[in-house]
Amino acid sequence: MADATASFKDVPELFEVELGEALTARTESLSTFRELGPPDLCHIVKSTGRTGQRDIGSYHFVSGVDASSSASLAAYINSLTYSIEDNSAWFSKSTAWKVKNGCYCCFNAFSRVDIRVDVKIPGGVVAYVVDLRGERHEATPEIWQETYLSALLRAILYSDDPTYWLEAYRKLDPITTIEGELRFLQAAEALFMKGWQVGSDPEIQVATVVSNHLTAGVMKYFGDSGRCQPAANLFEKLAAREPEIASLLAKSYIGMNEEVKAVQIMSAAMKHTPHSYTLLHVQSDFLRSKGRPDWALKLAREAVNCAPSEFVTWEKLTELYIDTKDYESALLTLNSCPMFTFNGRDAHRALVPAKVHLPFQRQIGDILPEKTKSEDDVADPALLRLPAPGLRGTWARAYSLLTRLVSDIGWDELLKTRSVVFVMEEEYRMQKAQAEIQKVVISNGTRDVNNSVTVIHEDGSVTAGSATLADDDASTRGMSSPLSETESKPEIENGLNVSAIPIIRVSSESDTEREIAEATGTDIAEQDEATESASAQGITLEKPVQAAAGEEPEPSQSSNSNQEAFSFTNKRLCERWLDNLFMVLYEDLRVWTIFRAEVAHFKTQHVAYRKTGLEWEILGDLGIRLHHKEEAKEAYQRCLDTSRYSQKPWAKLLEMYAEEGDITRTIQAAIRVAAYQYADYTEMTYPTLIARCFFKLGQIHGHAKISFTLLSMGLPDPILKIMDSYLQYGKTFKVEGYDF
């Protein structure tokens, strides 16, 4: 087991049980990496130099390191030699550990290989490529360029992804200078046409030249800082070779507020690529921003025709139907969305470490609560069991559309709309029963009261015969089924004679059942989450009845009267996944309704309403999902009053304050978020949530005002230095607002 002197001072580490097991596990996992690959792996072997002393291996994950050559990766490993704990003195008996060698692994997402650099200290540097079969090859300049761009894209796209978490994951700044940015643009231009090979977001089924991780990385890097000019220059050169890239070029010009030029580009591009759904979406978004959702709707419809197998086209059409308040069409369109299996980000195979070393930066960590489990980390099982937080990919996006619908029209109206456009389970069952009854009656006729049976012969003739005769010849002749007691009794009592001719009947009982089904299919809850009263009593939320699923029901044959069987010619079957999302939404609304009723009740009683930190956090997330922003903000603020160690409430409040333009509160929240990030070894400035919020404020107030506000707070030097780094980035790259 390694002692304290074998650890790095400020770098997280996971110590191995068996020397080299992390490298072996990575080699075995290479074939499972589907897209961009996992963060880089840095494996270190430490030794005391004494005979008989066993070497120890440790590793950590890292992103943002320059992977353009073996020298830059070797330099990172060499920098770690200065981070090792040096507690030994001339009178100390402890053994001094030193870095003996290291291996840096970086996945090339274009060629699907792992490039590795072995560094021996002292000694040489060896760079080689490991393919999916574990075989070694020589590293070529083309491989290095692809690896460099792959590493940059991972650093940009994984920078602030809350769903992607690894222990001992160190995040560094991927681009710190103008020259570094130019190299990034040159590499992106050279490999742009191969961008589809690195995959795309989970909502995109087929990665294309314009919809992939490379274009997403470029748009995120330049879009988050509002500097779309370099991206526009890149796309301008590429659009000459590939007309479809005009959609990205137009989007960049819109980001630069060059709307006239963007419209000219879109107009010219439509003549060359009229069936590009990405181009249609850019036009649609532009019209939507100008308050013309009706025009945007036509383009969204055309985009669906151009790419019917893509989720994003149906999603855009649903959004525009909601904008135009055509809620029935919105629900039908949502039902038509193609759903894809969610594939998360690539990750390493988890190994059980012998020891975990996570050094804590005391200068920054002093403003954070203790990282220990307390009563504020427990929550009511009903809150923990909510299914909505577990939704990912297309399922999460579809659910957000459903919550937007319920936010616009309420739960009552949503259920009404649902029963209008979809076949309900009870309706479908009744329709099927009616069809079967009619089929039996038409084919077999009816039976009279005196035990006489109407027999239909093979030649089509109809005669009356005995039940025995009919039973004997049942194999060659059709026989009517006997009437039930409930159908024959009223006829006996009324003294009616049943004709020998088959009669088609619709029983009065079926009519009654059908009317009940209609009532239950269309009636909905008395109250929804919008009708909150001050009292907790009497608040109910009706559980949605199940929609029908299965084969398409046949249209009713007798549609001449409302009292006849149902007509489903204008109804659709609800997809099972959408039916499940309705149940997920019901659970969210039920918990939210109870929560708001309890809050109102406690307020009227003038009693403090208490929850644990985790419960307030879950309720804040629930409020965000259901578009109750103010109530969600209040829940997050209540969470901050507890001793829970969590970055999420601060991060959510940071976004809200930045949107409101509140400089002081934005900076206060940003300080806490930065402290949490540095405590988790995110030592990067951009692209991060804090930088995005600061630059949003800077466009309105200017960076000077933010800087003066920071100085007026009297922050400790380490924290002030971190906060100032975001403004320094803006000054270096001339982000809008840096000069005022």
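Which residues of α9 are buried? In this predicted model, where local features need a pLDDT of at least 70, side-chain atom pairs count only at pLDDT 80 or more, and totals for chains, interfaces and linings use all residues, the buried residues of α9 are Tyr-277, Thr-278, Leu-279, Leu-280, His-281, Val-282, Gln-283, Ser-284, Phe-286 and Leu-287. Residues are numbered from 1 along each chain as its sequence is written, and side-chain values use heavy atoms, with hydrogens and water left out.

Here "buried" stands for under 20% relative accessible area, "exposed" for over 50%, and "partly exposed" for what lies in between (1.4 Å probe, protein chains only). Helices (H or I, at least four residues) and strands (E, at least two) are DSSP runs, numbered from the N terminus. With 10 of its 13 residues buried, α9 is largely enclosed by the rest of the structure. The helix covers residues 277-289, and its end C-alpha atoms are 18 Å apart, which agrees with the 18 Å that 13 residues should span at 1.5 Å a residue. That expected span is 1.5 Å times one less than the number of residues. Around α9, the buried residues pack against α7 (246-255), α8 (259-272), α10 (293-306) and α11 (311-323). Just past the end of α9 comes Gly-291, with a positive phi of about 80 degrees.

Stepping back to the whole chain, there are 27 helices and 13 strands. Of the 740 residues, 50% count as buried. Contacts (heavy atoms within 4.5 Å) often link distant parts of the sequence: among those between residues at least 6 apart, 72% join residues at least 24 apart. As for confidence, pLDDT is the predictor's own score for each residue, from 0 to 100. The chain averages 84, and 82% of the residues score at least 70. The pLDDT drops below 50 over residues 456-462, a stretch with 14 contacts in the model beyond near neighbours in sequence. Residues 550-565 are also below 50, and there the model has 29 contacts beyond near neighbours in sequence.

Another helix to look at is α23, which takes in residues 648-660. Its 13 residues reach 19 Å from first C-alpha to last, close to the 18 Å expected at 1.5 Å a residue. Pro-649, Trp-650, Ala-651, Leu-653, Leu-654, Met-656, Tyr-657 and Ala-658 are buried in α23. Their cover includes α21 (613-625), α22 (629-640), α24 (663-679) and α25 (689-701). Gly-661, just after α23, has a positive phi of about 80 degrees.Helix pairs come next. Two packed helices are described by the angle between their axes and the distance between the axes. The axes are lines fitted to C-alpha atoms, for helices over the stretch in contact, and the angles run from 0 to 180 degrees between N-to-C directions. Helix α20 (residues 576-605) packs with α21 at an angle of about 115 degrees, their axes being 11 Å apart. The crossing of α20 and α21 is left-handed, meaning that the near helix is turned anticlockwise from the far one by less than a right angle (clockwise for right-handed). On the α20 side, the contact uses Asp-588, Val-591, Trp-592 and Phe-595, while α21 brings Trp-616, Leu-619, Leu-622, Gly-623 and Arg-625. These contact residues divide into six nonpolar, one polar and two charged. In this scheme Ala, Val, Leu, Ile, Met, Phe, Trp, Tyr, Cys and Pro count as nonpolar, Asp, Glu, Lys and Arg as charged, and the others, Gly among them, as polar.

Helix α24 packs with α26 (residues 703-712) at about 65 degrees, with axes 10 Å apart, and this crossing is right-handed. Ile-663, Thr-664 and Ile-667 of α24 meet Lys-705, Ile-706, Thr-709 and Leu-710 of α26. By class, that makes four nonpolar, two polar and one charged residues.

A few backbone details round things off. Ile-121 and Pro-122 are joined by a cis peptide bond with omega about -10 degrees, and Pro-122 sits in the loop between β5 (113-120) and β6 (125-130). A cis peptide bond also joins Tyr-686 and Pro-687, with omega about 0 degrees; Pro-687 is in the loop between β13 (682-683) and α25. Although not a glycine, Arg-112 has a positive phi of about 55 degrees. Arg-112 lies in the loop between β4 (98-108) and β5 and is buried, with a relative accessible area of 19%. Tyr-681, not a glycine either, has a positive phi of about 70 degrees. Tyr-681 belongs to the loop between α24 and β13 and counts as buried at 6% relative accessibility.
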